Each structure stands twice: as C-alpha cells, then as structure tokens.
Amino acid sequence: MAVSDVVVSFALLVAIYGILSLGLNVKFGHTGLLDFGHVGFFLIGAYTSALFVLPPDDPADFTNYVIGLGDVPLVGTWVFGIIVATILTGVIGGLVALPTIRLREDYLAITLLGISVIFQRVVQSESWLANGPDALRGYSPPFQGLFPIDPGTVVGAVAFALVVFVVWAVATAALSVQRENDSRLPLDRIYAVTTFGLGTRATGVLGSRFAVAGVAGLIAAVISAGLLLAASLVLVVGVLVSVYGWIVVLVAIGQHYAGLERRELALGVGFGTGLLVALLPLPLTDRLSVSIIGTLALLGALVYAYYHAITSYEWVADVKLAVIGLGAVWFVGIWYVLLPILGPLGSGDVSGVLGTLFRNAVWFLQFGSSAGIGYSIAVIGDVTVQLDYSRFQLALFLLSLGALYAILEAAVQSPFGRVLRAIRNDEAVVKSLGKDPFVYKVQSMVIGSALGGFAGGLWAMYSQGLTFRTGAPETTFIALLIVFVGGVGNNKGVLLGAVLYWAFQQATTQLAGFFPPALRVNVLAFRLVVVGVLFLIVLYYMPDGLLGREEYSSGVGES
C-alpha cells in the first residue's frame, strides 16, 4: 500500500470527526453547554441512515431490524437517509434539551451522558430494533458498485470529475488566501492560471474568492471529464491535480514558518530528526525489551532537551509551539518521502526508488490495481492507475464538511451566533436585553445534535457495519479533546484538532506494528491512557487550545 493511500484513509476519519466535533463546539464552544452525551446523537444518526438503505429484513440471514427501506425509490438512498437522520437527531436534541437545559453545567453534562447511555442500551438490548448486540450489516456505501470505474464512459468520467472538482476548489480557495501574504513565488500568476482567468476578471461578478474557487473547480472538472472521454488521460489528469495540491500545501507550510529565524528553523528540524532517531530502536532491534527501553530512553532525552531549552532560553520559549509544529512537519515529510524508498534504495533498485516516489507524489490516483489503466513510463517502468472508491468517498466527505463549515461560520458570525456567545459569557446580560436564553440554548442543542447525527450517517457509510459500541461514551470525550486541542469556540481550531488527533492515532497504529501480535492490542489500548494525559496537559497549559477562541465581529457599528 502506498503511503498516499494511508493518508486518504486518515483524511476520511478527519472529515467525520471534524463534523462531529463542530457539533459539540456549537454546544460547548459557542453556547457553553457541556454535553457529555453528544455521542448519543452520533449513534442515532448512524443507525437511522443505515436503516434507510438496508433492504427489507430477511429472517433467513439471522439479522433482525425494524425496517429496511433500501428498495424504496429515492427514499432508500444515502442522501435521503442522512437528511432524515440529521433532522431526527436535531429534533431529539431539542426534546432532550427541554427538560434538562435549565440544569447547572455539571448536572447537565451528567444528565446528557446518562441519556446517551440509555440510547446505547436500547440499541444493544432490543434485538428487533437494529440487530441488538450483533453488528448491523448488509448495506454498501453509495455508488460503490460503479467501482472500479471505466473513465472512458460518461458515468466514470462524471465520478472522476467530481473528485477533481472538490480537490481543485479546495486548493484554489487555499491559494486565494495564500496570495494575500508576501511570497517570493509568483502566486498571482499561478492563481490566474488555476482559476482560468477568473481570479483577475470575475471576482467582482462572482462575489467572493470562494465563489471563484467553486467555479474554477467546476471548469477543471469539465476539462478533466473531456480529457477522459476523449483519450482516457487518467494519469495526466492525476499528475496535474496532484502537483497543484502539492504546490498549495508546500506554499502553506512555507508561509506559516516564514517568520522563523535560521536557528529556530534548525531547532525545529532537529526536534523532528530527534523524534525519528528516538523511534529507530523499534525496527532495528530484535529484542523487544531492548527496543522498548531504548525508545523510551531516547524519547525521554528528547523531551528533557526540549524542556531545558524552553526554560533556559527565552527565544526558544517564544517559539516553543512553532518548533513542535515544524518538527512534526519534518518528521511527516521523512515518513512520507524517505522511509518508503529505503528498501529499494538499499538493494540498488533505481526504478523501484523512482516508482515509489512517483506513486506517493501522484496521491490523487491509486497504483497497482489490476482493474486500472496501464502506462509505461521511462525509467520507472510499467504502472497501473485508477481512481479508487476511497478517494471518491473522501471527495463526498470533504464536500459535506466544507458545506457544513461554511454554513456554521455564517451562523456563528450572524446576530444569532453573537447571542449564543453572549449566553456563554454572561446569561444575565442576555436576559437584560430582552432575549430568552432558554430558547437560544434549545436551538443550539438542535444544531449541534443535528451535526452529530450527520457525522453518524457518514460513519455508517464509512464503516459499512454498526454495533452498539458506536455510541460508546469515549467518542464524546474524543470530540471534546479535539475541541480543546484546536480551540474552544473556534471552528478552524476544531478542524485542526481533528487532524492532530487522527495523526496521533495513525502514528501509534504504525508504531504498534513493530510489536509482536500478542502485545499489539495492549499497545493500542495504552494509547487511551496517553490521550488522557495529553488532554490534561492541554487543559493545564493551553486551556484555550492551539488557536484560541475565535474573535468574531460584535456587530457594533456595522451596517
């Protein structure tokens, strides 16, 4: 499996938990309602969506559920099921809020936790409802039957173009922000090319940079569909989209750390290299005890050196978070680019090295599938490429995340959002201005719960199987950790927190692969302890998270 395939799987989970955590952020971050039972709405949304796409119950397959609407036209679709799940969880969230919302913060949290446990136990014990304690299976994600796609057909070209649209639009929107900063690169020219001239001519007509990005993505999608239908140029389109994505990512990293001095850059690179060196005993040492002791000793030395630096040198303390961030970027770069080529490099396989680099550079496509289109590339050799279903699913998830994020940002910047933040800060002031905090709290619960249900629908689509453990309380605390890490009341911070949490999960999963199978489960279970410790550290040292609270406009003096 190429490293890019791992990143795609990682991004799918980030999208799901990003939406789930945005819902919790509406409740707690913007309104001050601490909901320990948020996972209950995630559970209801997941099961509701699945029941809409399941076929009618067949007693012969040993699976019992109350209803299956998959054979009903339009109704038995994922779009309809997730819409109903979102509305249903919003309504249930409002009904739950009516008798509980007047409780004090700690009592409210405990009460909502108890309600979520009731939801979970109902699913577990009532076998007629959704197969009880056994897994609810028998459904497939949308359009999966179309894959592997034939890019020379209209259906295949449209599916391919949808993914191009999402990637191109997101990259163009990011580039439009980057070009406002000082850069030695000709970002204005790149932007003009990637927006097909719209970035310089039609911004006033289209209204905003995001409208330009959307139209540019649509044009790119139409062009890619035409190239596929005319000549099946899958690899050409994949290379172009991948290169554009890399340009935007590298420019973003460069601009973020452009203010660091050379010594600060060197310290960040040294931190990332030290982390890599600390992990070397795991793959290089045969004896488990030696590898564990060696890794822990080196990690301890790295942490001590970092702590000593930030307590002894003021210039290091001023950039302590930037050093960790740059070190993490450097480490990921080594993991993504250099580590995969060590095998073929050691054996002198030049074509293997170039092939591995090429596969990871062209992240937009999946390599090696027998159902793909074959190409012969000089030096690299023969390759087979296709657009796999996971990348198509990621496009759907990112499209959903982007749309919900935009709607949520508009809501929290509106007068409604200002009232929510006023309730969070001082409820008495809101009452004195003639607003009823109770009504706004209920509305906040409705919106946050609906987002939790939407995320549950995406989880059902992703996992292709549900159990009552989907509603386990730790899911709420994971979402709460994501909110606190990124920034309470900061929607951008929530997305950053989701990225960091799943990066940690992905890293520890790969590290567990170096342990014997008998210990691997224990290692993966131990990371819950690590997550708990990290949660306490974040609460103590960074109570406002990495990005802090978002400073939204107060609306005073605005027309």
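## Close-up views of a predicted model

**View 1. The buried residues of helix H20 pack against four helices: H1 (3–30), H19 (389–412), H21 (427–432) and H22 (437–463).** Packing here goes by contact, meaning heavy atoms within 4.5 Å. Helix H20 itself covers residues 415–425, and its buried residues are Gly417, Val419, Leu420, Arg421 and Ile423. Buried means under 20% relative accessible area, exposed means over 50%, and partly exposed is what falls in between, with a 1.4 Å probe and protein chains only. Helices are DSSP runs of H or I with at least four residues, strands are runs of E with at least two, and both are numbered from the N terminus. This is a predicted model, in which local features need pLDDT of at least 70 and side-chain atom pairs count only at pLDDT 80 or more, while totals for chains, interfaces and linings use all residues. Residues are numbered from 1 along each chain as its sequence is written, and side-chain values use heavy atoms, leaving out hydrogens and water.

**View 2. The whole chain, as a backdrop for the close-ups, holds 25 helices and 3 strands.** Its radius of gyration is 25 Å, close to the 24 Å from the globule rule for 559 residues, so the chain is as compact as a globular protein of that length. That radius is taken over C-alpha atoms, and the rule is 2.2 Å times the number of residues to the power 0.38. Along the principal axes, the C-alpha trace spans about 70 × 65 × 60 Å. Of the 559 residues, 46% count as buried. Among contacts with a separation of 6 or more, 73% come from residues 24 or more positions apart. About 26,900 Å² of the chain is exposed, with carbon and sulfur atoms supplying 68% of that; the areas come from the Shrake-Rupley method with a 1.4 Å probe, and for residues only the protein chains shown count as cover.

**View 3. Domain 1 and domain 2 have centres 32 Å apart, taken over C-alpha atoms.** Domain 1 comes in two stretches, 3–141 and 391–472, and domain 2 runs over 148–256. The bounds come from an automatic or database domain assignment. How many residues of domain 1 are in contact with domain 2? There are 6 from domain 1, and they touch 5 residues of domain 2.

**View 4. A cis peptide bond joins phenylalanine 147 and proline 148.** Omega is about 0° here. Proline 148 sits in the loop between helix H5 (127–130) and helix H6 (154–178). For context, most peptide bonds are trans, and most residues other than glycine have a negative phi.

**View 5. Phenylalanine 196 and glutamine 464 are two loop residues with phi near 60°.** Phenylalanine 196 belongs to the loop between helix H7 (187–194) and helix H8 (198–201). At a relative accessible area of 35%, phenylalanine 196 is partly exposed. Glutamine 464 is found in the loop between H22 and helix H23 (474–486). With 30% relative accessibility, glutamine 464 is partly exposed too.

**View 6. Helix H6 holds both glutamine 178 and valine 158.** Is glutamine 178 buried or exposed? Glutamine 178 is buried, at 6% relative accessibility. Setting aside neighbours within four places in sequence, glutamine 178 is in contact with Leu187, Val248, Val251, Ala252 and Gln255. Valine 158, on the other hand, is exposed, with a relative accessible area of 52%. From C-alpha to C-alpha, valine 158 and glycine 214 are 16 Å apart, with their positions 56 residues apart along the chain.

**View 7. Glutamate 264, in helix H12 (residues 262–279), is a buried acidic side chain at 9% relative accessibility.** Which residues does glutamate 264 touch, not counting those up to four places away in sequence? They are Gly259, Trp315, Val319, Val323 and Leu326. Alanine 403 is 139 residues away from glutamate 264 in sequence, and the C-alpha atoms of the two are 38 Å apart.

**View 8. Valine 350 is an exposed residue of helix H18 (residues 350–361).** The relative accessible area of valine 350 is 54%. Between valine 350 and isoleucine 380, which are 30 residues apart along the chain, the C-alpha separation is 8.3 Å.
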